[in-house]
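Subject: Structure for you to look at

Hi,

Here is the structure I promised to pass on. Please open it beside this email; my notes follow below.

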Amino acid sequence: MALLITLAFRNIRRNLRRSIITLLAISVGLTVMLLGLCLQHGSYNAMIRSGVSQVAGHVVIQKKDYQEQREPLLLLTNSSQIKSDLQKEFPDATITNRAFLGGLLTAPKGPTAASIIAVDSASEKTISDFPQKIIEGEWLDDKPESIVIGSNMAETLGVKLNNKIVFSAQYGKNDIAFHVFRIKGIFHTGSAEADSFIAYANLSMTKNILMQDDVSHQVAVHFEDVEQSIPATEQTRSKLSIPDIDILSWDQALPDIQNMIEMDRVSNAFIHFVLAVIVGMGILNTMLMSVLERTREFGVMISIGMKPKDLSIMILLEGALLGLLGGVLGIILGYLTCYPLVTHGLDLSAQMGDSYDAAGVTISAIIYGAYHWPSIILYGFLAVFFSTICAIYPALKIIYLKPVDAMRHH
Amino acid sequence: MQFYLLVSWRNLWRNRFRSLITSTAMAIAIALCMSLICFNSGFYIKFEEIFINQRLGHIQIQNPSYSKTKALQDSIRKADEIYAHIRDMPQTKAISGRLQITALAGTKEKSAGVVISGIIPQNEKQITTIHEQMQPGGNYISDEPKKEIIIGYKLKEELKIDLNDELLVYTQAADGSIANDLFTVIGIYKSGSAILDRGAITHLTDLQEMMVMQNEVHEFIVISQKSEQPELLSFSQSIQKDLKQSKRKVYTFPTDEDFVPNTKVYDARYGEGTIIEKDMQGITSIKFSDETREFGPKQRATLELVDVEHPRNKADVGVRTWWQSDPTVAEMMGMRDVGTGIFLGLVFFIAGFGILNTMMMSVFERTREIGILKALGFRPRRIVFLIIVESILLSCLSALLGILFGGFLIFLLVNYGMDISGGTGKPLSFMGANIDPVIYGHFSPSESTLPIVALFCISVLASLWPAIRAARLKPVEAIRQE
């Protein structure tokens, strides 16, 4: 075997120019794929991070069926009790309870529709990125009349800081309920959807609208690391015994984002496959040529006693070796080309605005690439695999080689 | 010439397996690029239909503040004058006025904040296709105002309301009083726009009455006889001229050409500033009193020019073409060729290595032969030519295979479409629109030849190096080589 590897290596070195061109084809193809992969994973990470921090958590507790129906009357009662129970269970985590209320905000200049996210202002401040987007005034305090609205909404309502606005909504068989807010801050994310329709208020305001005390739609537990999501969800499921609730991990709580990522992954895998086929054709060609031009040599080797099977293995090894070298070179090139993307990010804000909106989540338009090592290693292995596959046909040709004919071959 | 063709053909045929593999790789590249272009055109035709034809129209006439604030009171007053005027212009194909309000709408059990559009049914039918997207059993709004309303299917699910039910609408009217009215749900539609599908549509006159906004609209949507950009631009300019003549205060929206160095601009957040430079990507650096900031095309949409006849807040009407009023849509339409271009470039860059490899090998294995040709008095130029002809012949073969294979893929795409949701049938949610996930291709002969042209260029380029090397061979050494 060692002999075969040495031979294979020498054969690759013998026709250096051809090997280098093939290696370049493999590694450039791989670099392109890794670059795509890096951006892909970077934007997935951003999507997940924004989604988890804005509308979900690593462990999400909701009333049964709220996830599918989004019915505002599916409320968690005793929500502060759930929160403190969870805090005991996960002392390091940040826990917030939220209510999502749709309704109408009115000011002298005119009305506008609003989705109010009623939160625990202190916890939300450490979790969400909205507090950092405040351009006027400040984040919520504890008062039930405080509200933070988006910059477009402020324009539509024609209001400034400290102005009063009235929220009206109607749930259940109640009459229309009103709540008077005073504007505490204005945020600007750059996403038209968020800036026009989202507002943050204190959870205590829900009392006036839902006519119930201590209720929320969701209690969300946030950790530093996404990896904690699944085990913590399991732990919560075993510890928390409240009837009629759903306990979800981040991916169950954000199915739209999960779907988007899955769809994107499939279409990218398809494009990568196409690139791999085109590169593979090149490798096949090289291997075939190198076998054909050595026909005479192989004839000699077989006639002095080398087994055709060993020769085939040698050809396969040549393929694998080309793939390995190309793979390593490609990964190094890929790592280097991705580096500026990972450290500086790709700034698309000129094209898309400062943030964009996907599946109801506001995501920054500066995309930081991410090295996803499992995929990178996988792609390296695929390079070896593909080029070995491409060597199968040329290797098979040798088995049927007749020494005498082969030696006559010119 | 015939001589070159014959020799090249024989050379290719001599190693037919190699030639076939190379041309198969090229053919796959061509076929994929062709079908990608076909798919892309299909996607953009759909995009254009949803975003331009239905949402934006060709030309929008709005109160200039409305485009920024979307506030109820920023409306166009004396709307009938403008309507009659534009309707009679020869370039106009259709025009429709819209009033857009937000209200709390619902039943006795449940309500939600909803955007309600007031439209003129007979005019709107010439512009949007909602009347064709009604679910069975329901009707479109009658031509006369009868307090009828049609609602999107999402809103129907959310409010648990059905045909012939009463919809209670509650909001604040333009004069600050409480506006309250009952409408009858006569139809449910599914439009493909997420915003519309969660909204409702009623007769303009009914809505104007409820909101105390007689003879006011928020926007006019105009469809032109000709949809090409230069025609639309001149149409929009003649509308502006006419409006000025009829004593309207017309705001001139700044266009990209206005954002040149030394222009004074105003931004609501940072105050007054001066443009100091504009780079190749259209990003402008603007010096404000505190610091210099960069504005991309998208962020520039809210900037105002300081020296204009009627500033935004003092004018009562503004006219824009679709690409001026929605830079994001314009950007998307502009991206149309960029994505394809990048993919095409990548595929052919990688495919180019294949050709380079093949041509290199075919030159090196013939070193001796080429030496003999030179010894016989063949000029170097003729050898270069011979090898390039060989590579072009190889491309012809690839193109032929590629057209066959690509044609088949295009046939499938055009006739059966491609489901990009991977079979789940979930609509593609994109910039507020729910696009049907089955995308049908659109075949355009001129665009489809692009990959073939690219193939010929790349194959000539890739064969240049081997050809020049061959031409430089010294006959004696070349002949000696084994």
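Start in chain B. Strand β2 (residues 92-106) of chain B is joined to strand β5 (residues 166-172) of chain B by three bridges. The two strands run antiparallel. Note that this is a predicted model.

One pair to find on screen is Ala105(B) and its bridge partner in β5(B), Val169(B). Val169(B) also has a bridge partner in β6(B), namely Asp181(B).

That brings in the next strand. Seven bridges pair β5(B) with strand β6 (residues 178-189) of chain B, again in the antiparallel sense. β5(B) and β6(B) make a hairpin, and five residues lie between them. Look at Gly176(B) in the turn: its phi is positive, at about 95°.

Now chain A. The domain assignment splits it in two. Domain 1 covers 2-51 + 258-408, and domain 2 covers 58-250. Their C-alpha centres are 48 Å apart.

How many residues does each domain of chain A put into the contact? Domain 1 of chain A gives 10 residues and domain 2 of chain A gives seven.

On the domain 1 side, two elements of chain A give two or more residues: α2 (16-55) and β14 (355-358). β14(A) gives the most, with three residues. By type, the residues on this side of domain 1 of chain A are three nonpolar, five polar and two charged.

If you want a place to begin, go to Val169(B), which has Ala105(B) as a partner and Asp181(B) as another.

Best wishes

Conventions:
Residues are numbered from 1 along each chain as its sequence is written. Chains are lettered from A and ligands numbered from 1 in the order in which they are written. This is a predicted model: local features need pLDDT of at least 70, side-chain atom pairs count only at pLDDT 80 or more; totals for chains, interfaces and linings use all residues. Domain bounds come from an automatic or database domain assignment. Two residues are in contact if their C-beta atoms, placed from the backbone, lie within 7 Å. Helices (H or I, at least four residues) and strands (E, at least two) are DSSP runs, numbered from the N terminus. Ala, Val, Leu, Ile, Met, Phe, Trp, Tyr, Cys and Pro count as nonpolar, Asp, Glu, Lys and Arg as charged, and the others, Gly among them, as polar. Two strands pair if DSSP finds at least two bridges between them.
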